[in-house]
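Student: I am new to this structure. Please take me closely through one part of it, the small sheet and the ligand site that shares a strand with it.

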Amino acid sequence: MSAQLGGQPILILKEGGSRTRGRDAQSMNIAAAKAVAGAVRTTLGPKGMDKMLVDTIGDVVITNDGVTILKEMDIEHPAAKMMVEVAKTQDDEVGDGTTTAVVIAGELLKKSEELLEQDVHPTVITLGYRQAAEKAQELLQTIAVDVKAKDKEILAKIAGTAMTGKNAEASKEKLCDLIVRAITLVADADGTVDTENVKVEKRVGGAIEDSEIVEGMIIDKERVHPGMPKTVKNAKILLLNAAVEYKKTEVDAEISITSPDQLQLFLDEEERMIKGIVEKIKASGANVLFCQKGIDDIAQHYLSKAGILAVRRVKKSDMEKLARATGGALISSIDAISADELGVAGLVEERKVGGEEMIFVEKCKNPKAVSIIIKGGTEHVVDELGRALEDALRVVGVVVEDKKIVAGGGAPEVELSLRLREYAATQGGRIQLAIEAFASALEVIPRTLAENAGLDPIDKLVELRAAHEKGKKTFGLDVFEGKPVDMLAAGVVEPLRVKTQAIASAAEAAVMILRIDDVIASAKSAGPSPEEMAAMGGAGGMGGMPGGMPGMM
Ligand SMILES: Nc1ncnc2c1ncn2[C@@H]1O[C@H](COP(=O)(O)OP(=O)(O)O)[C@@H](O)[C@H]1O
Ligand SMILES: [Mg+2]
């Protein structure tokens, strides 16, 4: 790239760099983003297909989950990476709707291409898209249905919708019940839900039906000493974040021992001290000890003699959950051990699950952290089930927090599309075209649901539109019967937040990509990260064409 000054070219980029401008840059970015949307499109909905992803060392992931697919694909193109970010944001904020968000973003860009061809300036398009996105948020609030946080029936339906098409059909009812029980238990008094407090343990072996909830925690560890009890009823649990071992001197001191008597004295002192610690633990009334640090041999011996079930090197996150499950406090020094900081559980037991010893802390009173063990025939099944379960836990948590839902099956998208067209008509000029484009882009969801179910997308869209024009706001596509039905009545429901977030981030990504009219790539770099691109106000990137990315899956 060079400029001219008095016939003398001035080079401003290092040799080997490249630059693409104007329409070329736009088409390139749009093509890349569309390729990403195309890659996940066929997985949308209950009849969506799965992807088999094979990484460089041959590991296989089989999934239907948008964000997992995009994370596993090694995407290089900077505009394509921005689409991956859309999926990640959706996953972080709501935990579901990742495919929806990416597919909408792709369609917004596809529609913008048509406008660009008609010489509508990108600035007008982005302005129209922003305005439409804002209006869509407003409209969504009016479409939303209020529910009660304790309405278990609705919560189970939310979980069920999130799990359709994810290989969990056979045991869906059972799993939905586990999910709803887990979330209602861990919900805080102020109505917030942190799904981190539901620990999901996966085990290969058995059937999905054998999955269970433990009202308490499962810790993937075993007792430190075989002489300890395997079962403790009415457990009083000490959660200790300090090592149960002889305290080594802080300074680098050398202890010189000159006679066997002195050595014996030294060892006796060590033993006496550890015995003291164990006595202190016993005196507190604790009969179970979870230690975040180590427990040395001598301590193990004395703890076992005292009949205490002890586990060492428990993960910090598990310690925190144990505290929430048992109502105990995390104690950070031996001196601070006291009876009233102990947690309680009806039963603590070491049991074998799928050939591995695990510690079950169960029958907790009002546990604020719980565990779900999911089982399945093979690792792939268990992994995909785990992802479906995580999604479902998140959406149920979101509904407990927000208490607002919408119908599924494309119902809100059709309704929004209709209302946005009406809104566009009230806006004059070319911006109207952009708002209309936004409106029809949203219809990609019902269209894709139809397509993936082997139905005629145009016919189905026409039927859906007709229903909505008659005021049937909650009518979506029943992909099994192939006709519009009231999704609310059919129990296909999603959290409102899935839609507000999907539309907001899809619009944002589309606008960001549309604003780029200059892609300057330096010679070596693989292009800036999407974050850097955002910081730069949208410029930057590398010249790889979308054909080079795995968009043709
Ligand atoms: N039983 C059903 N009938 C029709 N549509 C459904 C049904 N269950 C889920 N859907 C729709 O499928 C879409 C979600 O598909 P999914 O593959 O889970 O993608 P995402 O990653 O966007 O959640 C939503 O539009 C949802 O309403
Ligand atoms: Mg989903």
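Tutor: This is a predicted model. Start with the sheet. Three strands make up an open sheet, ordered β6-β17-β20, and their pairing is antiparallel. Two of them stand at the edges: β6 (145–146) and β20 (493–495). Each has a single partner strand, so one side of each is left without a neighbour in the sheet. In general, strands of a sheet pair through backbone hydrogen bonds, either parallel or antiparallel.

Now take one pairing. β17 covers residues 404–407, and three bridges join β17 to β20. These two strands run antiparallel. One bridge partner pair is Ala407 with Val493 of β20.

Next, go to ligand 1. Glu494, in the range of β20 (493–495), is among the closest residues to ligand 1. A polar side-chain atom of Glu494 lies 2.8 Å from an oxygen atom of the ligand. Two further polar contacts follow. A backbone N or O atom of Gly97 is 3.1 Å from a ligand oxygen. The side chain of Thr164 places an N or O atom 3.0 Å from a ligand nitrogen. Alone, ligand 1 exposes 570 Å², and the protein buries 96% of that.

What surrounds the ligand? The shell holds 22 residues, and Asp96, Thr99, Thr100 and Gly409 are also among the closest. By class, seven are nonpolar, 11 polar and four charged. Helices α4 (98–117) and α14 (444–452) each supply at least two of them. α4 gives the most, with three residues. The space that ligand 1 takes is the largest pocket.

Note on methods
Residues are numbered from 1 along each chain as its sequence is written. Chains are lettered from A and ligands numbered from 1 in the order in which they are written. This is a predicted model: local features need pLDDT of at least 70, side-chain atom pairs count only at pLDDT 80 or more; totals for chains, interfaces and linings use all residues. Side-chain values use heavy atoms; hydrogens and water are left out. A residue is near a molecule or strand if one of its heavy atoms lies within 4 Å of it. A polar contact is a pair of N or O atoms within 3.5 Å; within protein, one must be able to donate a hydrogen and the other to accept it, and residues adjacent in sequence count only if both atoms are side-chain atoms. Accessible areas come from the Shrake-Rupley method with a 1.4 Å probe; for residues, only the protein chains shown count as cover. On a 1 Å grid over the protein atoms alone, a cavity is a set of points where a 1.4 Å probe fits but cannot get out, and a pocket is an open set with protein on both sides within 12 Å along at least five of seven lines; lining residues have an atom within 4 Å of a point. A molecule sits in a cavity or pocket if more than half of its atoms lie within 2 Å of its grid points. Helices (H or I, at least four residues) and strands (E, at least two) are DSSP runs, numbered from the N terminus. Ala, Val, Leu, Ile, Met, Phe, Trp, Tyr, Cys and Pro count as nonpolar, Asp, Glu, Lys and Arg as charged, and the others, Gly among them, as polar. Two strands pair if DSSP finds at least two bridges between them.
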